[in-house]
Amino acid sequence: MKLISSESVPVRTPEDIVAVRQAVRRKAVKLGFGLVDQTKVVTASSELARNTLDYGGGGIVQLEIVESERSKSGLRLIFEDRGPGIPDIDLALSDGYTTGAGMGLGLGGAKRLSHEFEIWSKPGEGTRVSILRWK
Amino acid sequence: MGGFLLVTIQVDMHDRLALTLQDDLTSMVVRHRARGVLIDISALEMVDSFIGRMLGTIASMATLLDAITVVVGMQPSVAITLVELGLPLKGIRTALDVEKGMAALQTALAENEDGGDEAHQQ
């Protein structure tokens, strides 16, 4: 996989979640994603940006345009925080589980809306979630 | 008898704004003795779990205040995404557009009143 371009957007306030959605939308449009694919990746980014803010205490999202070996283009989003981390990732991924005020759909929902999903988290160090949607 | 409140969401709302709308709308149901709330989301390009929850909360609060909520104008791409996200918005009445939403509100209110009368007769 080849990295074509990269841009980072901070996630510090609820307004930043809107800015992330808009930045992701712009990239998806630029890549020629159809409306449904745009909506899926924008919605996934909104869920993950909110997790970064609410559970990670804020962080950053990296928006990357990538290209596969077969020249297929995709949008990869990497959310990183230095928050308390997730002690039990499997539990955090299960629908309906939440330690906060939300619905517990964020991680599992974002995973379902993406083609590829990776999560790394260590208690006391932070969390990194990466999703990828191919065109 | 109260009328209907019509709310059109025109902007990409941040979370605090969504909560403000939820609270304002609930107060307005009481202030205007509204029997129905119509929420037009046709301008929304995305509904995530937060906005979805807000819509559900508005509907629940309105029900407690004896009003019926109908969400209208959801874009097909938003509906597809919501189901995949795992949030099918169960319990929320929807209609394709404002006109159909108004008709749905009127029908639902008429049925409610009929139901009420029957209950009294029994």
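In this predicted model, the largest cavity is lined by residues of both chains: Arg21(A) on one side of the list, and Asp12(B), Met13(B), Leu44(B), Met46(B) and Ile51(B) on the other. Its volume is about 30 Å³. The count of cavities of 30 Å³ or more comes to one. Four of the lining residues are nonpolar and two are charged. No polar residue takes part in this lining.

Met46(B) also appears in the contact between the chains. Here, 24 residues of chain A are in contact with 20 residues of chain B. The two chains bury about 2000 Å² between them. Carbon and sulfur atoms account for 56% of that area. Three residues, Met46(B), Glu84(B) and Leu85(B), supply 27% of the area that chain B buries against chain A. No other three residues supply more. Met46(B) thus has two roles in this description: it lines the largest cavity, and it is one of the three leading contributors to the area buried by chain B.

The largest pocket holds about 670 Å³ of space. Its lining is made up of 32 residues. Nearest its centre lie Asn51(A), Tyr55(A), Thr98(A), Thr99(A) and Leu107(A). Both chains contribute to the lining. From chain A, the elements α2, β3, α3 (89–93), α4 (106–112) and β5 (126–134) each supply at least two residues. From chain B, α2 (49–64) does so as well. Helix α2(A) gives the largest share, with six residues. By class, the lining has 15 nonpolar, 11 polar and six charged residues.

The second largest pocket holds about 200 Å³ of space. It is lined by 14 residues. Those closest to its centre are Glu80(A), Asp81(A), Arg82(A), Glu125(A) and Thr127(A). Strands β2, β3 and β5 of chain A each supply at least two lining residues. The largest share, three residues, comes from β5(A). This lining has six charged, six polar and two nonpolar residues.

Helix α2(A), a main source of lining for the largest pocket, spans residues 35–54. It has 20 residues and reaches 28 Å from its first C-alpha to its last. That reach is close to the 28 Å expected at 1.5 Å a residue. The helix is mostly covered, with 16 of its 20 residues buried.

Val41(A) is in this helix. Val41(A) counts as buried because its relative accessible area is 2%, under the 20% cut-off. Beyond residues up to four places away in sequence, Val41(A) touches Val24(A), Ala28(A), Phe33(A), Leu75(A), Leu77(A) and Arg133(A). One of these partners, Ala28(A), is 13 residues away in sequence. The C-alpha atoms of Val41(A) and Ala28(A) are 7.9 Å apart in space.

Two residues outside the helices and strands have a positive phi although neither is a glycine. In chain A, Ser71(A) has a phi of about 65°. Ser71(A) is in the loop between β2 (59–67) and β3 (73–81). Ser71(A) counts as exposed because its relative accessible area is 54%, over the 50% cut-off. In chain B, Arg33(B) has a phi of about 50°. Arg33(B) is found in the loop between α1 (15–31) and β2 (36–40). Its relative accessible area is 66%, so Arg33(B) is likewise exposed.

Notes. Residues numbered from 1 in each chain as written. Chains lettered and ligands numbered in written order. Predicted model: local features only at pLDDT ≥ 70, side-chain atom pairs only at ≥ 80, totals over all residues. Heavy atoms only, no water. Helix = DSSP H or I, 4+ residues; strand = E, 2+ residues; numbered from the N terminus. Expected span 1.5 Å × (residues − 1). Buried < 20%, exposed > 50% of the residue type's maximum accessible area, 1.4 Å probe, protein only. Contact = heavy atoms within 4.5 Å. 1 Å grid on protein atoms, 1.4 Å probe; cavity = no way out; pocket = protein on both sides within 12 Å on 5 of 7 lines; lining within 4 Å. Points joined across faces, edges and corners; volume = space filled by probe spheres on them. Nonpolar A, V, L, I, M, F, W, Y, C, P; charged D, E, K, R; others polar. Buried area = accessible area lost by both parts, 1.4 Å probe.
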